[in-house]
Every structure is written in structure tokens, then in C-alpha cells.
There are 2 protein chains.
Amino acid sequence: MELLEIGRCAREAEPQVRGLSTDEKNNLLLQCAADLQKHAEEIIAANEEDMDKGRANGMSQGLLDRLLLTKERIEGMAEGLCQLAALDDPIGEVLSMKKRPNGLLIGQKRVPLGVVGIIYEARPNVTADAFGLCFKTGNVVILKGGSDALSSNRAIVDCIRGSLKRAGLPEDAILLITDTSRETTNAFMKMNQYVDVLIPRGGAGLIRAVVNNSTIPVIETGTGNCHIYVDESADLDMAVNIIVNAKTQRVGVCNACESLVVHEKVREALLPVLSRRLKEAGVEMRADQKSLPLVEGGTPADEEDWGREYLDYIISIKTVSSVDEAIEHINRYNTKHSEAIITSSYENAQKFLDQVDAAAVYVNASTRFTDGFEFGFGAEIGISTQKLHARGPMGLLALTTTKYIIYGNGQIRP
Amino acid sequence: MELLEIGRCAREAEPQVRGLSTDEKNNLLLQCAADLQKHAEEIIAANEEDMDKGRANGMSQGLLDRLLLTKERIEGMAEGLCQLAALDDPIGEVLSMKKRPNGLLIGQKRVPLGVVGIIYEARPNVTADAFGLCFKTGNVVILKGGSDALSSNRAIVDCIRGSLKRAGLPEDAILLITDTSRETTNAFMKMNQYVDVLIPRGGAGLIRAVVNNSTIPVIETGTGNCHIYVDESADLDMAVNIIVNAKTQRVGVCNACESLVVHEKVREALLPVLSRRLKEAGVEMRADQKSLPLVEGGTPADEEDWGREYLDYIISIKTVSSVDEAIEHINRYNTKHSEAIITSSYENAQKFLDQVDAAAVYVNASTRFTDGFEFGFGAEIGISTQKLHARGPMGLLALTTTKYIIYGNGQIRP
């Protein structure tokens, strides 16, 4: 299908999808889950084509692993759709309804965004996941996946469209852009008439390309250069446990700790113990001059380290002489994602919560909790590091907007 | 000041402005109001320079009137700042605070956006207004006004910076871009590092230019092709009153009615009476074939009329045979701003509220109420016709975002 035709089909399906009842949406999600498992072999066969091409093109082991679909992974995709079916439907709730002096009743009602565009890399599991999130919230989704996963995506989308068709629902609730050329992708990012919001899911390069080229409003999910600051009054055992957890529990994720900021008064008590633990876990430590002698196996940090998101077994270590200096350092180098203070001081805890500019600011806990599931949303579209529309972990609500509904009895404006 | 230097100054002032107390902000707004009136003569003298240049350049009477500052208009600007001082401060409110099973307390706190960029035309009253809205919500504002109002804007900004300085507050809470070249404006729209959100205020051309060129998130305020649909069960006296009000109470505004949609069963009873009233008010009526014979002084409408925002004493008239056809017509041609149904049918009222896709949907009331003041917000930044972040009339809340604050006692992720 041509790009403009895809846009037109999406807009045509939009009113029907927006109008579906909660039961219709949930039943369809459960049916899709069953159908994905039923068609697992076909999907895996399509995925093997992609894998073969990937190997022939010299794709790295890491990327191949992300591309691979197995029976278990397809079960995981199906399980995700079932979980979405079990969540509350946010659509239709009236958030408030107030009476104006002239008698007008003005309410704000939660409604779908309309048509959501998702641009992502060669991770076919995103295909079912993105559809599920959008469908649950009454949105039509247009998918533009990585070219390396085209066969896999086609098989998954065909399967979902089959479920929709058999249920008598609009197949065009999910549309796949199969022309993966750069020109088409660029044109897609400028289809303001047909797409209400664009969400890039993937690495920093993909996100930057979408932010720089899209004329459609974008929800930016971003990188995390997350800090943990150990205050002078910190419980040091707690500090060690939290830092080791935030750095090593999973290193390739945006809410992992990348930089440690230490008050000079606890440096000597903390760093020898901590660096032994981190070294045991295989973490490379890049420390500033003041802390380096206390860091077992440390190497000198340079200016560039303060701004790095390693996504690896590496941490930078910076000494400060006050909570104010810590806050200033963090606000200069962070990516506005997740930041933590370890402290026993009421005053410093409140100051850190107030003054650190980030989507999530913690006292005495690991930054690894910044996550839609950990926050209790039951689903996650991504973690927004922009300030518009949604900030921090995004659940289903991020895929909705509101409209004002006004009940009158003949009011005119004087 | 160079553009990048302006960006740096804004970011440097941001933490101080964000941290101001409600009293500090309100006192400053009142002081600015007093100082604007005190310096009214200087501001008017600067405005005369702009007016002279405008006249010499053959600026239209309408634009000259928008550019003009008088003692009364400066009093109006001051009065606007005093009204803002009287409003509740939205910053710092914690919207919810929930306990997770692991004991983490997760709250969502309302905070400023950071640095707000405003791009507008030669309307110097916007200068004080935009500053007031941004300052009240703890934001730094960077202003880029029309080149035709440069002297006026400079005088107003100097006055406000003087008030800030004398109060011991950061002068850079307000910054003016004085290089009004197209290159600088384009560069400004790509300063993602320094600006958190960009709000264009002005006509459709300005807004389109910002949407198409900005890489910074934009809040789009837009045009209004607003419809009123008269259902078969409508109270026709009410319908006439509402239509005349929505069309003629003020024609040059985005919430004025531009198109009438009439059910065929009430056409004969409604149109002769209505068209007489509209004709008396000087309204040109462009009607479809079926309604034309009933419209006194009407002319034939063509396809283009359905999509026009006239902003003038003109209205288009379309006949339909059902509420469904009305909804389909409106959803095809509207600009998602404000739409109304006049009806006595419970079922059709609910259907219209549900299915019409717009920021504000009315039953039995004039579309002219779509306005921050009429909705009871006490202030208005504009009316958003996009679906992200804010939709419909925007009050102070549209200039805020949230951050998650998390209280723990040593939690790590298992």
C-alpha cells in the first residue's frame, strides 16, 4: 500500500476504533493472543527469513538476538496482550465536571489520541506490543519497523489483521509501512494530516532522527545518565546496596546508574567498601582525583565521563563538598531521567527532591524503579524524558487525550 | 545578545526562577504592573517609533491598530498582571501519592516546564502577557516578537527587567531576541538544548511555520472552522439565538461559528427566520442547493466553503438528512476546535458528544464559550487544537509539567 493510502485508511478506521466498547477491545486482544500462538510456526518461518538475511549481512550477535523470535517469545507477546486485556480501560472517564455561573456544565473526558505512528528498530516483539497498547486505548496504529525485521513484522501484522477481520472489527486498526526506504520514512514523519502523534522506540540515534525530522508532535523517550548522590549523613550500608543494585542489576537500560556523586566527608568510609563490591561485580570505575586513591582498581575520569550514558559495566565517581554542589553537578550533566540521593537528612532530602530537574527523583532507593510496571501502571509505552504531555514512565494514559464536553440549555455569550 | 548567549542565560536563570516562592512571584507581578504604568510615557514613545515605521512601510490599518499602545492599553497590560498575581499558584502541588507493595511512596508533583519560547507577531501586549503567564508558573521566557514591534517590545522588556532587578530577582527571567532575521528565528526553533517548549501565538501562517521548522516540542494553537448542527428535534428559537450569537458576537475569533449544518426536517421552519436575522446582522450566507431557496439573500456555496474559516461576516449552510451525516460532515471538514449540536434528543446529544472529534463539543450552547476565562481558568495562553499535552483552552496548567518524587528506605530492585 502507498504511504498516503495508509494514512487515508488509518483516518477512515479511526472513528470505528475510537467507538469500540471495552469488551470488544478486550475480547479482540485475547483473540489476538490466541491467534499469535496458533500461527507461531508461520511467524517463526517468516522470522527465519529475516534472520538468514541478517546473518548474511553480518548483523551483530546482539542485534540478531533482538530480532530472533522463538515459540517462547511469541508466548511472551501473547501474554503481554492478555495482560493489557486485564487492565482498566482509561477511555471515556470524565475527569471533572463543573458548573459555571451561567449554568454551563463543563466536563473533561478522556478520549483516544486518534492515529499513533510508531517508528522502531528490528525488534518484532514491539509490533504486537505497540498494537496492543494502541488498541486498548482506542487508537489506530501505523507501524514503521526496521527493514531487517520486515518479514517477521508482516507475519505478525497479518495475523492480527486476521483476528480483527474474523471479529468483524476494522482490519485497518493496525497498518504496516512495508516500504522501508528513507524517503518514505521521512514522508511518514510529515503526515500531520493523518497522524496525531509519533513515538520513536529505539536507540538514541533513531530518536534524534525523529525529533529532528518530524513535523508531527513526538513523544520523546530518551537516554538516562542517572546519578546517585551519597550525602554526608547517608546510611553507608544502604548506599552500597543501592549503588550496586542500580549499577549492576541490569546494565543496558536507561534507568541504570551511570555516575556516583560522593560527599567528601563520607568518601573514606564509603569508597573502599563500595569499590570492592563493584569490582567483584566486574564494574570499571572512573574516578576524579580526590576519590581515585580510595577506589580499588579505579582509573582517572575525564570531563567527558560526567556526560556519558555507558549502558555497560562502567561507573564514574565524582567528589563534592555539599549537597548544593551535588545538585548543580547533576543538573548540568544529567539527561533529566532518574536521580537519587542517599541521606538521613530531612533538609537535604527535600532540597534534592525540589531542585533536581528530572522525570523521577528518589530518596533512599534504586533508580532502577523508573518503569511503568514498577510504578504500578500495568503497562509501559516508554519513559518520556521530555516535559510535554507525559514525563517519566508512560502507561496507557500517555496514549490518550481529553476533550471538553459542555452541556447547556441555550447559553449565548453576552 | 547573541542567540546562544540568550539560551545560556535562560538556562542559568531557570533554577532560580523555578525555586521562587508564590509570594515572590506575586509581588513581582504587582510591581511590574505598577512599573509599566509608571513608565507608560517611555513605552508609548518607543511604540511611536514602531508606528512611524509601520506607517512608512504601508502597514494596514488593522495591523497598525494591533501595534498601537496607548495609556489605556498599558493599563490593560498592568491589569492582566495583577489578575495573574491573584490566581492560585499551580506549582508544587502533589497530584497523587501512592504506596507500592515494596513500600516506595511515589508522588507526582507539578513543576514548571523550564524555559518557554514564545514566537509572536507585532502585538506588543503579548510581551507583558506572555511574561506574566510564564513567570507565574516559574518558567523563564524567551520572546521573539515581530520585527515591526521591536522598539515597543524592548521598552516593555526593559521595564520588566528593571522590576526584577530592583526586587533582587534574576533579570533573565525574561529575555528578548532582538535580531529578528529569519536565520535567527530558524536557529531559535532548533535550540532544543536551551528551550523546553515553543508556543507560537498568531495567525495560521506563523503557526504553520513553527510546526514545520521547530525541533523543539510545540504547543499548537490553531484555527477554528466551528459548526453548529441543528437537529430535527431542536428548539428553533434557541437555535436562532445561539447561531446569531456564535456567528456575530465577534467574527474575527477562532471560536466563532463558520458553518451551519441543518437537518432537512427543520430546514423550512428554521432557515427563513434565521436568514432574516443573519441578514440584518450583515452576514453573507453561502448555502447548498437544498437550503438556498429558503435563505433570504443567500448565494450558492461550493465545496471549498465547507473547509473555510472565514473570520468574517460569512457563514456556510449545509443540509443533512441525519445526525450521523452531520457528524460525518463535521469530522471531515472541522479543525478540531469547537462544535455544537442544538437538540432536544437525549440520544442524539450523547452521540454528538461521543463521536465529534474536537477540543470542545457543546449541546445547546454557543461555541463562543471556548475560552480560558469563560471556562473559569482565570487566564489563557491560547486554545490548543493539537491532542498532545493540552487540548482546548489552556490556562496556567498548560505551562507546567510534573515530576515523580519517590520516598524510599533502602529499596533495591530484585
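Reader: By what turn can chain B be laid on chain A?
Author: This is a predicted model, so local features need pLDDT of at least 70, side-chain atom pairs count only at pLDDT 80 or more, and totals for chains, interfaces and linings use all residues. Residues are numbered from 1 along each chain as its sequence is written, chains are lettered from A and ligands numbered from 1 in the order written, and side-chain values use heavy atoms, with hydrogens and water left out. Copies are superposed by least squares on the C-alpha atoms of residues with pLDDT of at least 70 in both. The fit of chain B on chain A has an RMSD of 0.0 Å and a shift of 0.0 Å along the axis, with a turn of 180°.

Reader: How are the two copies related?
Author: Chain B goes onto chain A by a turn of 180° with a shift of 0.0 Å along the axis. The copies are thus related as by a two-fold rotation axis.

Reader: Which residue of chain B comes closest to the rotation axis?
Author: The distance is taken at the C-alpha, and it is 1.8 Å. The residue is His389(B).

Reader: What share of the contact residues of chain B recur in chain A?
Author: Contact means heavy atoms within 4.5 Å. The same surface serves both copies, and the share is 100%.

Reader: Which strands are the edge strands of the open sheet of 10 strands?
Author: Helices (H or I, at least four residues) and strands (E, at least two) are DSSP runs, numbered from the N terminus. Two strands pair if DSSP finds at least two bridges between them. The order is 1(A)-2(A)-16(A)-13(B)-12(B)-7(B)-8(B)-11(B)-9(B)-10(B), with mixed pairing. Each edge strand pairs on one side only: they are strand 1 (94–99) of chain A and strand 10 (299–300) of chain B.

Reader: What is the bridge partner of Ile106(A)?
Author: Strand 2 (residues 105–112) and strand 16 (residues 400–411) of chain A pair in the antiparallel sense, over eight bridges. The partner sits in strand 16 of chain A and is Ile406(A).

Reader: What angle does the direction of helix 12 of chain B make with that of strand 7 of chain B?
Author: Axes are lines fitted to C-alpha atoms, for helices over the stretch in contact, and angles run from 0 to 180 degrees between N-to-C directions. Helix 12 (residues 323–333) packs on the sheet, touching strand 7, strand 8, strand 11 and strand 12 of chain B. The angle to strand 7 is about 175°.

Reader: At what angle does helix 13 of chain B run to strand 16 of chain A?
Author: Helix 13 (residues 346–355) of chain B lies across strands of both chains. They are strand 2 and strand 16 of chain A, with strand 7, strand 12 and strand 13 of chain B. The angle to strand 16 of chain A is about 145°.

Reader: How many salt bridges does a search of the whole structure find?
Author: Side chains of opposite charge can pair when their charged atoms come close. A salt bridge is a side-chain nitrogen of Lys or Arg within 4 Å of a carboxyl oxygen of Asp or Glu. Over all chains the search finds 58.

Reader: How many residues apart are Asp35(A) and Arg166(A)?
Author: They form a salt bridge, with the closest N and O atoms 3.0 Å apart. Asp35(A) is in helix 2 and Arg166(A) in helix 7 of chain A, and the separation is 131 residues.

Reader: Is Arg166(A) buried or exposed?
Author: Buried means under 20% relative accessible area, exposed over 50%, partly exposed in between (1.4 Å probe, protein chains only). Asp35(A) is buried at 2%. At 57%, Arg166(A) is exposed.

Reader: Where does Arg18(B), the salt-bridge partner of Asp357(A), lie?
Author: The N to O distance of this pair is 3.9 Å. Both residues are buried. Asp357(A) lies in the loop between helix 13 and strand 13 of chain A, so the pair joins two chains, and Arg18(B) lies in helix 1 (residues 3–18) of chain B.

Reader: What is the angle between the planes of Phe375(A) and Tyr404(B)?
Author: Rings of Phe, Tyr and Trp (its six-membered ring) pair if their centres lie within 6.5 Å; planes under 30 degrees apart count as stacked, over 60 as edge-to-face and the rest as tilted. Phe375(A) and Tyr404(B) are 5.0 Å apart, centre to centre, and edge-to-face. The pair crosses between chains. The angle is 80°.
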